[in-house]
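Subject: Handover of a model, with notes on its helices

Dear colleague,

Please find below the model that I would like to pass on to you, together with its sequence. My notes follow it, and I would be glad if you read them with the coordinates open.

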Amino acid sequence: MLAGCAVQVAQSRGRVFPEPAHAYRNDFQRDRDRVVHARAFRRLEAKTQVFTRRYSDHFRNRLTHTIEVAQIARTLAGALGLNVDLAEALALVHDIGHPPFGHAGEKALDAAMRAQGLYFDHNLHALRIVEHFEERYAAFPGLNLTFEVREGIIKHSRDYDAKEFPELAGYLLDQRPPLEAQLIDLADEIAYNTADLDDGYEARLLNLEQIMAGVPGFEDFYREADQRYPGAARKLKFNEAMKRIMDRMVGDLIANTEACAQEAGVATIEQVRAHPTRLAAFSDEVEAARKQTKDFLHRNLYYSPALASEKEDAERIVSGLFAFWMDDPDSLPRNYREKAKLEPLPRVLCDYVAGMTDPFILDQYAKYCGR
Ligand code: MG
């Protein structure tokens, strides 16, 4: 449908270190494979999405969340005639810069950095991972990803101002990202809004009545499932309703993005880039439902008393370890002591902590700060 707006792999702005073409994988497919083989990608398995393993080991973690986003992103890109390989690579890399302990860990790390006059941004951290920290290839540092994947890492969820971020000047900051990148943040929203309702219900932190009252559309879909499968277990009817909610969001995003592009008279990738606003979007109605669902999850799940102790642990552990190493950098591993000769200590600590998994940071805290 929007094939003219798709990023063509043959027109990629290429890699920092030029490489010969591969015999049977295009450059975006190679980037996807490089992400999947990265150490930072594997560590996502042991990072909290919303629930720590205290609740259950069949809830989402950052890795399974990432796989769900990739599945949705492929569907969206395929239905819109966009570049599926690029969308998949961007989805698989979209959370690679996230620290341990989910959102609470991110906030705590940012607060520790702000106390030093710096800050933590997971998109910029993801770029540092793929450009510098991954050591896999003899010919170059990092993963040497194509321009379009690096651009998408930065721009998938927000815009950066060139004055504030001069180091990003090479990433066409005055232009919108391609639709493949614009879709990632919305695929992420679809994935976690539905998954967190599912896990929250399964954890018994949310009940059916609450979800019916707070999540637009859920009650109708549940009643529909109830009529069709009157003898089915509640959880299966719940699943049927969630499936329809996800389907409505995906279908709406496809139809509305196409309509927005058409209305704006945008039919080429250059026009997508030059357009003053992002074109990938839900319709007003589904956007309102998305916001309401998100608010519901904030109120009833993310900031619920049941998850408060996890949040407090995350803050105590991240800020405790950060403060410990600020005072005693000699007890850092040798490669980080070396890095601290070249970069400010808080930045080096931030990079170290951000890369940690939940179990690893817990071990480090026990070792250096006691229980
Ligand atoms: Mg995500």
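At roughly what angle do the axes of helix 10 and helix 11 cross, and within what distance do they come? Please bear in mind throughout that this is a predicted model. The axes of helix 10, which spans residues 218-228, and helix 11, which spans residues 234-263, cross at roughly 130 degrees and come within 8 Å. Since angles over 115 and up to 145 degrees fall in the oblique class, helix 10 is oblique to helix 11, and the crossing of these two helices is right-handed. On the side of helix 10, the residues that meet helix 11 are Phe 218, Phe 221, Tyr 222, Glu 224, Ala 225, Asp 226 and Arg 228. Their partners in helix 11 are Arg 234, Lys 237, Phe 238, Glu 240, Ala 241, Met 242, Arg 244, Ile 245 and Arg 248. Sorted by class, this contact of helix 10 with helix 11 comprises eight nonpolar and eight charged residues, with no polar ones.

Helix 11 also packs with helix 13 (residues 284-302), at an angle of about 140 degrees and with the axes 10 Å apart. Helix 11 is therefore oblique to helix 13, and here the crossing is left-handed. Arg 248, Met 249 and Asp 252 in helix 11 are the residues that meet Val 286, Ala 289 and Arg 290 in helix 13. The classes in this contact of helix 11 with helix 13 are three nonpolar and three charged residues, with no polar ones. Arg 248 thus takes part in the contact with helix 10 and in the contact with helix 13.

Is Arg 290 of helix 13 buried or exposed? Arg 290 has a relative accessible area of 10% and is buried, and its side chain makes a polar contact, at 2.7 Å, with the side chain of Glu 287. When neighbours within four places in sequence are left aside, Arg 290 is in contact with Glu 189, Asn 193, Met 249 and Phe 282.

Phe 282 comes up again with Asn 256, a residue that lies in helix 11: the side chain of Asn 256 reaches the backbone oxygen of Phe 282 at 3.0 Å. Asn 256 has a relative accessible area of 18%, and because the cut-off for buried is under 20%, Asn 256 is counted as buried. Apart from neighbours within four places in sequence, the contacts of Asn 256 are with Ala 281, Phe 282 and Ser 283.

A further helix pair is that of helix 3 and helix 8, which pack at an angle of about 130 degrees with their axes 9 Å apart. That angle makes helix 3 oblique to helix 8, and helix 3 passes helix 8 in a right-handed crossing. The residues of helix 3 that meet helix 8 include His 65, Glu 68, Val 69 and Ile 72, while those of helix 8 include Leu 183, Ile 184, Ala 187 and Asp 188. The residues of this contact of helix 3 with helix 8 divide into 13 nonpolar, one polar and two charged.

Two helices are mostly covered, and I would ask you to look at them together. In helix 4 (residues 84-93), nine of the ten residues are buried, among them Asp 85, Glu 88 and Leu 90. The cover over the buried residues of helix 4 includes helix 1, helix 2, helix 3, helix 6, helix 7 and helix 8. At the start of helix 4, a side-chain oxygen of Asn 83 comes to within 3.1 Å of the backbone nitrogen of Asp 85. In helix 7, nine of nine residues are buried, including the charged residues Glu 148, Arg 150, Glu 151 and Lys 155. What covers the buried residues of helix 7 includes helix 1, helix 4, helix 6, helix 8 and helix 12.

Lastly, Tyr 24 is placed in the segment before helix 1 and counts as exposed, at 68% relative accessibility. Tyr 24 and His 132 are 108 residues apart in sequence, and their C-alpha atoms are 27 Å apart in space.

With kind regards

Notes: Residues are numbered from 1 along each chain as its sequence is written. This is a predicted model: local features need pLDDT of at least 70, side-chain atom pairs count only at pLDDT 80 or more; totals for chains, interfaces and linings use all residues. Side-chain values use heavy atoms; hydrogens and water are left out. Axes are lines fitted to C-alpha atoms, for helices over the stretch in contact, and angles run from 0 to 180 degrees between N-to-C directions. Helices (H or I, at least four residues) and strands (E, at least two) are DSSP runs, numbered from the N terminus. Angles under 35 degrees count as roughly parallel, over 145 as roughly antiparallel, 65 to 115 as roughly perpendicular and the rest as oblique. A crossing is left-handed if the near helix is turned anticlockwise from the far one by less than a right angle, and right-handed if clockwise. Contact means heavy atoms within 4.5 Å. Buried means under 20% relative accessible area, exposed over 50%, partly exposed in between (1.4 Å probe, protein chains only). A polar contact is a pair of N or O atoms within 3.5 Å; within protein, one must be able to donate a hydrogen and the other to accept it, and residues adjacent in sequence count only if both atoms are side-chain atoms.
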